[in-house]
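Reader: I'm new to this one and would like a relaxed walk through it. Could you take my questions as they come?

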Amino acid sequence: MRIFIQLDDVYVSNLSILEPLLLDLLGMSVAEQSIYLVSTLPKPTEIKGAEWVHPDATKQLIAASSSNTLIHFSPVAVWAKQIPSYFIPLTLPHLTGHLSWLKSLLEKKRFNKTMQGAKQVLALDEWHAQNRIGVTRLYLEKAPLPSFEWAQLAPVRSALTDGNQYLLAFVDSHDILPIVKAFSVFKKWQLSTMSLVFVLDTEAEKDKAANILLGYKYRDAVELVSVANFTLEWIAAAYLTIFSAMNSHRFQFLTYTMRYQIPFLLHQENPDIHFIASEMAKSGEYFDFNQPDLLANHFKLYYKDEMYRAAKGIEIQKAIQSEISQFQQKATIVWPRDLV
């Protein structure tokens, strides 16, 4: 059996977002199945468990096998039209809130067409299982994420914050002001070099954030980056993570945060509309970002009490393991055995 994983035209802004998912998929590959990662991008320097191929090279591979399957995160490419396809939606592109009504409508039609054309739509976690009607939960053993030594993370801190420790916030622009108010209180108390890094969903949101921060007293300690430039090392090197109201890719980043045992704070959502399992949420902490004094006190707590921070890391690890286990118990398909 040959499994082709399509990596072009994905519904995400950056292939680095896919990296941990691909590690999970490749970590469960078996001898009787060959996995091909198909992309027009140059072959990575190191890849294990799969062969990297250009779309032009797939025709011969498909013809040489009587059993082919496609995994895709986007509309099916022309080269794979004849292969039974399994779609894994990682984001809802028409619900980003950053598109014009016409572009949003077109994206929704394109996305729904992709959903309808798939043999099955698969969910890898509970967020996607609850947000999409008609999906099938896929049992997927989580492979270990890359381990980064201090020497590997030091350049990341240097690039983001001139080497300073940092709080990493995945936010909407409207949450920036209350967070920086809390950060101001924290900085007055801390009198050191901790930085704050905001990760915005688009360049337009990044520009909006820059305008919000004009004249901010601690502007030199605040960095703005976009999801399009995301790397896994940002999370691994973070001191603490902060999340605005959850969306699809933020949920993915939350799971990476938990797997790296990084403490996290969540924006207080309406409990009727958020999809984070209670065990996951309780291992972090909910905050109303419009109460900056309370948020600042929590920044202080993590900074001055390393024992508390370490204990939260252990709690977070147990919670994500529980979430993965509970999700897998509900799953009806096992990768890659059942994709035939």
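Reader: Is E205 buried or exposed?

Author: This is a predicted model, so keep that in mind throughout. The cut-off for buried is under 20% relative accessible area. E205 has a relative accessibility of 6%, so the residue counts as buried.

Reader: Which residue forms a salt bridge with E205?

Author: Look along helix α7, where the partner lies 3 residues apart from E205, about one turn of the helix. That partner is partly exposed, with a relative accessible area of 42%. The closest N and O atoms of the pair are 3.3 Å apart, and the residue joined to E205 is K208.

Reader: Helix α7 has come up now, so which β-α-β unit is α7 part of, and what is its handedness?

Author: Helix α7 covers residues 203-212, and the unit is made of β9, α7 and β10. Strands β9 and β10 run parallel, joined by 5 bridges, and V197 stands opposite E223 in β10. The handedness of the β9, α7 and β10 unit is right-handed.

Reader: How many of the residues of strand β9 are buried?

Author: Take the two directions in turn: S195, V197 and V199 point one way, L196, F198 and L200 point the other way, and all are buried. Strand β9 is therefore largely enclosed by the rest of the structure. The count for residues 195-200 is 6 of the 6.

Reader: What does the chain pass through when it crosses from β8 to β9?

Author: Strand β8 (residues 166-170) pairs with β9 in the parallel sense over 5 bridges, and F170 stands opposite V199 in β9. The chain's crossover from β8 to β9 is right-handed, and what it passes through is helix α6 (residues 176-190).

Reader: Back to salt bridges: how far apart in sequence are the parts tied together by D24 and K142?

Author: The side chains of D24 and K142 meet at 3.7 Å, N to O. D24 is buried, with a relative accessible area of 0%, while K142 is partly exposed at 23%. D24 lies in helix α1 and K142 in the loop between β7 and α5, so the parts they tie together are separated by 118 residues.

Reader: Which residue is linked with D24 and K142 in a network of salt bridges?

Author: The count of salt bridges comes to 10, and the one between D24 and K142 is among them. D24 and K142 belong to a network, and the residue linked with them there is R259.

Reader: How far apart are the closest N and O atoms of D9 and R110?

Author: This pair links distant parts of the chain: D9 sits in the loop between β1 and α1, and R110 in helix α3, 101 residues apart. D9 is partly exposed, with a relative accessible area of 43%, and R110 is partly exposed too, at 31%. In their salt bridge, the closest N and O atoms are separated by 2.4 Å.

Reader: Which strands stand at the edges of the open sheet of 8 strands?

Author: Read the order across the sheet: β3-β2-β1-β4-β5-β6-β7-β14, with parallel pairing. Each edge strand has a single partner, so one side of each is left without a neighbour in the sheet. The two at the edges are β3 (51-53) and β14 (333-334).

Reader: In that sheet, which residue of β2 stands opposite R2?

Author: Strands β1 and β2 run parallel, and 5 bridges join them. Strand β2 covers residues 34-38, and its residue opposite R2 is S34.

Key. Residues numbered from 1 in each chain as written. Predicted model: local features only at pLDDT ≥ 70, side-chain atom pairs only at ≥ 80, totals over all residues. Heavy atoms only, no water. Buried < 20%, exposed > 50% of the residue type's maximum accessible area, 1.4 Å probe, protein only. Helix = DSSP H or I, 4+ residues; strand = E, 2+ residues; numbered from the N terminus. Pairing = 2+ DSSP bridges. Right-handed = clockwise from strand over helix to strand, strands pointing away. Salt bridge = Lys/Arg side-chain N within 4 Å of Asp/Glu carboxyl O.
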